[in-house]
Amino acid sequence: MCVTTPGSFRQILGRGVHGILLCQAETADAVRAFVESCRYPHNTIGVDPAIPSPMARMAGAIRAKDGGTDAAGRRLLGIGTRGRGSETTAAPIWGLSTEEYLERCDPWPLNPKGELLLGVKLESPEGVANCEAILAVPGLGFAEIGPGDLSLSLGYRTIPPEPWPPEMQAARDRILAACRNNGIAFLQGCTPDNVTARIDEGVRVIAGHSEASATKGRAHQKRKLPV
């Protein structure tokens, strides 16, 4: 499911989706707020441990304005802001009890037991400029470049065919490198002619609606159905 309005995250999760793609991601703080809005507060993997406990906050303890960092210097998450209520409609779609859903609707791979996939689309000059900080936000599972909107921002009235112009290719390579550095899957469209090369580059989520590409990609990785 692709949405762009922060206020809709909790509503769409309540309908039982298994993943959300945040379009036009441009800053790390906005992406951090996106991840936090999709999490229940009892799931605390990746959350800044310096945040006062609920009991302390009820007694008036104040959270720091800026969160702490991990050993790699990356900003940690704040407390999840998704509230109780919609789990009763979402859990049956997931085939789970409400109790199971409350535990498993958490971002993977941040939470190894989580089954919610969150991604970002970097499709503006600002998104590309900030891609390293954005993709260091805990909780993301995949990212992609948006060649359509990015090319429009760069002045192209039609989407350039591949091979892309140098500035777009450089943006794509920069985002791919940031994904690899942060253990995030990179999404890109592939064809039967280029799927093996892109897998070798590090593309891990293949778009394109092509059974031929999927078949060739599985053979290249020596994978068989069911996977």
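# Notebook: a predicted model, looked up residue by residue

**Entry 1. Asn182 and its surroundings.** I began with Asn182, which sits in helix 9. The model is a predicted one, and I read every value below as computed from it. I looked for the partners of Asn182 beyond four places in sequence and found contacts with Arg74, Glu132, Leu135 and Ala136. I also took a C-alpha separation: Asn182 and Pro138 are 44 residues apart along the chain and 9.1 Å apart in space.

**Entry 2. Arg172, also on helix 9.** I moved to Arg172, which is found in helix 9. Is Arg172 buried or exposed? Its relative accessibility is 2%, so I entered Arg172 as buried, the cut-off for buried being under 20%. Leaving out neighbours within four places, I listed Ile145, Trp164, Phe186, Gln188, Arg198, Glu201 and Val203 as the residues in contact with Arg172. The list holds Glu201 and also Arg198. For distance I took Glu144, whose C-alpha lies 8.4 Å from that of Arg172, with their positions 28 residues apart in sequence.

**Entry 3. Leu77.** I next looked up Leu77, in the loop between helix 3 (54-58) and helix 4 (87-94). I noted Leu77 as buried, because its relative accessibility is 1%. Which residues beyond four places in sequence is Leu77 in contact with? I wrote down Arg32, Val35, Glu36, Arg39, Gly46, Val47, Asp48, Ile51, Leu110, Val137 and Pro138. One of these, Glu36, I also checked by C-alpha distance: Leu77 and Glu36 are 7.0 Å apart in space and 41 residues apart in sequence. Pro138 is in contact with Leu77, and I had already used Pro138 for the C-alpha separation from Asn182.

**Entry 4. Aromatic pairs.** I counted the aromatic pairs and got two in the structure. One of them is Trp94 with Tyr101, an edge-to-face pair with 4.9 Å centre to centre and 80 degrees between the planes. I checked the burial of both partners. Trp94 has 10% relative accessibility and so counts as buried. Tyr101 is at 0% and therefore counts as buried too.

**Entry 5. Cis peptide bonds.** I looked at omega. Where does a cis peptide bond with omega about 10 degrees occur? I found it joining Trp108 and Pro109. Pro109 is placed in the loop between helix 5 (98-104) and strand 3 (117-122). A cis bond also joins Glu162 and Pro163, with omega about 0 degrees. I located Pro163 in the loop between helix 8 (147-153) and helix 9 (166-182). I noted these bonds because most peptide bonds are trans.

**Entry 6. Positive phi.** I then went through phi, since most residues other than glycine have a negative value. Gln24 has a positive phi, near 55 degrees. It is in the loop between strand 2 (19-22) and helix 2 (28-37). At 36% relative accessibility I put Gln24 down as partly exposed. Lys222 also has a positive phi, near 60 degrees. I found Lys222 in the segment after helix 11 (211-220). With 74% relative accessibility, Lys222 counts as exposed, the cut-off for exposed being over 50%.

**Entry 7. The whole chain.** I finished with the totals. How many helices and strands does the secondary structure of the protein chain come to? I counted 11 helices and six strands. The radius of gyration is 19 Å, close to the 17 Å that the globule rule gives for 227 residues, so I recorded the chain as being as compact as a globular protein of that length. Along the principal axes, the C-alpha atoms fill a box of roughly 60 × 40 × 35 Å.

Buried residues make up 43% of the 227 in the chain. For the accessible surface I have about 12000 Å², with 57% of it belonging to carbon and sulfur atoms. I looked up sequence separation in the contacts as well: among those between residues at least 6 apart in sequence, 57% join residues at least 24 apart. Last, I compared the charges. The chain has 25 positive and 24 negative charges, and their mean positions are 4 Å apart.

Key
Residues are numbered from 1 along each chain as its sequence is written. This is a predicted model: local features need pLDDT of at least 70, side-chain atom pairs count only at pLDDT 80 or more; totals for chains, interfaces and linings use all residues. Side-chain values use heavy atoms; hydrogens and water are left out. Helices (H or I, at least four residues) and strands (E, at least two) are DSSP runs, numbered from the N terminus. The radius of gyration is taken over C-alpha atoms; the globule rule is 2.2 Å times the number of residues to the power 0.38. Buried means under 20% relative accessible area, exposed over 50%, partly exposed in between (1.4 Å probe, protein chains only). Contact means heavy atoms within 4.5 Å. Accessible areas come from the Shrake-Rupley method with a 1.4 Å probe; for residues, only the protein chains shown count as cover. Lys and Arg count as positive and Asp and Glu as negative; His and the chain ends are not counted. The place of a charge is taken as NZ of Lys, CZ of Arg, CG of Asp or CD of Glu. Rings of Phe, Tyr and Trp (its six-membered ring) pair if their centres lie within 6.5 Å; planes under 30 degrees apart count as stacked, over 60 as edge-to-face and the rest as tilted.
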